[in-house]
Amino acid sequence: MVASLNEQDVTSAVVDACRRGDRDAFRVLYEAHKDKVYSIALYFFHGDAAMAADVTQQVFLKLLGSIGQFRGDSGFSTWLYRFVVNACIDSTRSSAARARSTDPADLDMLPATGSHEDAFAKAQVAGSVRAAVSSLAPKIRIAILLRYFEDLSYAEMADVLKCSTGTVASRLSRGHQALARMLARFRGSSQRED
Amino acid sequence: MFENHDDQQFAARMMRELTLVEAPASIWTSIEEALSSEASSVSSGGRLETGWPRMLALAAIAILAIGGVVFWSINRIAPYDVVRVDASSGVDRVSIGEWIETGAASRARIKIGDIGTVDIAPNTRMQLLAARPNEHRLNLARGSISAQILAPPRLFFVETASSTVVDLGCAYTMEVDEAGSGRLRVTSGWASLEWDQLESLVPAGASCPTRPEVGPGTPAFDDASERLRQVLLEFDYSGAGSRAVEVVLSESRQRDTLTLWHLLSRVGPDDRPRIFDRMVALTPLPNGVTREKALALDPATLKLWREELAWTW
């Protein structure tokens, strides 16, 4: 049984244990981060579950292979998400990923937020949000996903994305504007729910 | 950039509609398999091992051959053949996530699908990350590999701690030391070193260094002057700035416009006109490239200029 841990629980002791080749420690790291890494990859790659699984596997294998180079001068999640960003952006550069377009069938295969009648409308909104996120440019898409799935600060995102906080702000702003434009039809209902 | 607060709040509310999706258990299974393979592949006495018992590998090959299975198209985890190049020659296979480690006296050759081969030098540690018809990806942790690839650009990638080598149709050698620093040396065609926003294009006869946390440096031809190559390292990794630019300008020959073209977008605005002027003195400005656009780093202009300059590289 592997305990479920939050980011805060992932201490330097766990990373140190990974460095020493402790397989259980690596499993702890994996369990703590796998869903976020997979979800980011899944939404980044338009709902392509196979691609998301591949990227998740690559990220954790690469992480383990490089864990000796983790110096702790930045947070562990900052370090981890550099691998995620590199894997996602590199994969979009491959010819197949470039050719891939948003496939409604892929997006439909994502788990719905509710399958009962009373959740139908909510599921429809979620589907539209997924499609809108998919249509963002890769660098804006990854910034938006990091912001809302990992709740990274601008400074942490700048570190992960290797750019200035100003660039982070600019990318997020462009992402927000694009999402707001594409999802404008839900403005009224969203405000009422709030 | 000022942000519309309403848009930001609305987008944030919308993003909350995206739920966290649980990663399938199969991912950990494949990671565990990869780790097990790695554990069993740790070489002893400098011998190459890939984790699969030789008989099992041969049986797998036979089954594939008899069944006529088109492995590449239906299975993402397509094993590569690994040929030992040492006293105990033989064929093993390597699968996704597996590590290959050569000892002080062993070498190996990997067949990369049907697009080429990678020769692994002694004391090299390398991992297979992806093997698909449209993406072949290795991780070079340390050591040296020589790749000979005949394929469309951006099909074969080698990741290192400091950058990714992207094959653009070429043959090259990539070396990485224990600290993750490396050097790409291209022997035919083109390759690029990429990291974050930084890209260094390296043609045949040229090399490019790369360092962790900084990424790829400025490429230079191997027959450029020693002084030029040395000062480029200082520019890339020691902050030598204008002092280094001065030396590069004085040492540059016509084909060193490769280096100057890369420097154009990497120096400060004060040094940029000097580099432009030196480039024009070495090679006439082609039609479609203007001083104004080049100094403004207009992407289309720089691309056009590079394509014209490449005839002299």
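**Exercise 1. Strand 7 of chain B and its partners**

In this predicted model, work out how strand 6 (residues 125-132) and strand 7 of chain B pair, and over how many bridges. Then find which other strands pair with strand 7 of chain B, and decide whether strand 7 is enclosed or open.

*Solution.*
- Step 1: Begin with strand 6 of chain B, which pairs with strand 7 of chain B in the antiparallel sense over seven bridges. Two residues lie between these strands, and together they form a hairpin. Look for Arg132(B), which stands opposite Glu135(B) of strand 7.
- Step 2: Move to strand 5 (residues 116-120) of chain B, joined to strand 7 by five bridges and running antiparallel. Here Gly116(B) has Ile149(B) as its bridge partner.
- Step 3: Strand 8 (residues 156-159) of chain B pairs with strand 7 in the parallel sense, over four bridges. Arg137(B) has Phe157(B) of strand 8 as its bridge partner.
- Step 4: Strand 9 (residues 164-176) of chain B runs antiparallel to strand 7, with six bridges. Met174(B) of strand 9 stands opposite Ile145(B).
- Step 5: Now count burial, taking under 20% relative accessible area as buried. In strand 7 (residues 135-149) of chain B, twelve of the 15 residues are buried, so the strand is largely enclosed by the rest of the structure.

**Exercise 2. A helix crossing and the core**

Describe how helix 2 and helix 3 of chain A cross, and find what helix 2 of chain A gives to the largest nonpolar core.

*Solution.*
- Step 1: The axes of helix 2 (residues 23-44) and helix 3 (residues 49-66) of chain A come within 9 Å and cross at roughly 145°. The crossing is right-handed.
- Step 2: Residues making the contact include Phe26(A), Tyr30(A) and Val37(A) of helix 2 and Ala52(A), Val59(A) and Leu63(A) of helix 3. By class, this contact has 15 nonpolar, two polar and one charged residues.
- Step 3: The largest nonpolar core has 74 residues, and Leu63(A) and Ile142(A) are among those touching the most other members. Helix 2 of chain A gives the most to this core, with twelve residues.
- Step 4: Follow Ile142(A) outward: beyond four places in sequence, its contacts include Ile40(A), Phe44(A) and Leu161(A).

**Exercise 3. Two positive phi values**

Compare the surroundings of Asp151(A) and Leu297(B): is each one exposed or partly exposed?

*Solution.*
- Step 1: Most residues other than glycine have a negative phi. Asp151(A), though, has phi near 55°, and Leu297(B) has about 60°.
- Step 2: Asp151(A) is in the loop between helix 8 (138-150) and helix 9 (154-161) of chain A. Leu297(B) is in the loop between helix 9 (291-295) and helix 10 (299-309) of chain B.
- Step 3: With a relative accessible area of 60%, Asp151(A) is exposed, whereas Leu297(B), at 23%, is partly exposed.

Technical notes: Residues are numbered from 1 along each chain as its sequence is written. Chains are lettered from A and ligands numbered from 1 in the order in which they are written. This is a predicted model: local features need pLDDT of at least 70, side-chain atom pairs count only at pLDDT 80 or more; totals for chains, interfaces and linings use all residues. Side-chain values use heavy atoms; hydrogens and water are left out. Axes are lines fitted to C-alpha atoms, for helices over the stretch in contact, and angles run from 0 to 180 degrees between N-to-C directions. A crossing is left-handed if the near helix is turned anticlockwise from the far one by less than a right angle, and right-handed if clockwise. Contact means heavy atoms within 4.5 Å. Ala, Val, Leu, Ile, Met, Phe, Trp, Tyr, Cys and Pro count as nonpolar, Asp, Glu, Lys and Arg as charged, and the others, Gly among them, as polar. A nonpolar core is a set of buried Ala, Val, Leu, Ile, Met, Phe, Trp, Tyr and Cys residues joined through side-chain atoms within 4.5 Å. Buried means under 20% relative accessible area, exposed over 50%, partly exposed in between (1.4 Å probe, protein chains only). Two strands pair if DSSP finds at least two bridges between them.
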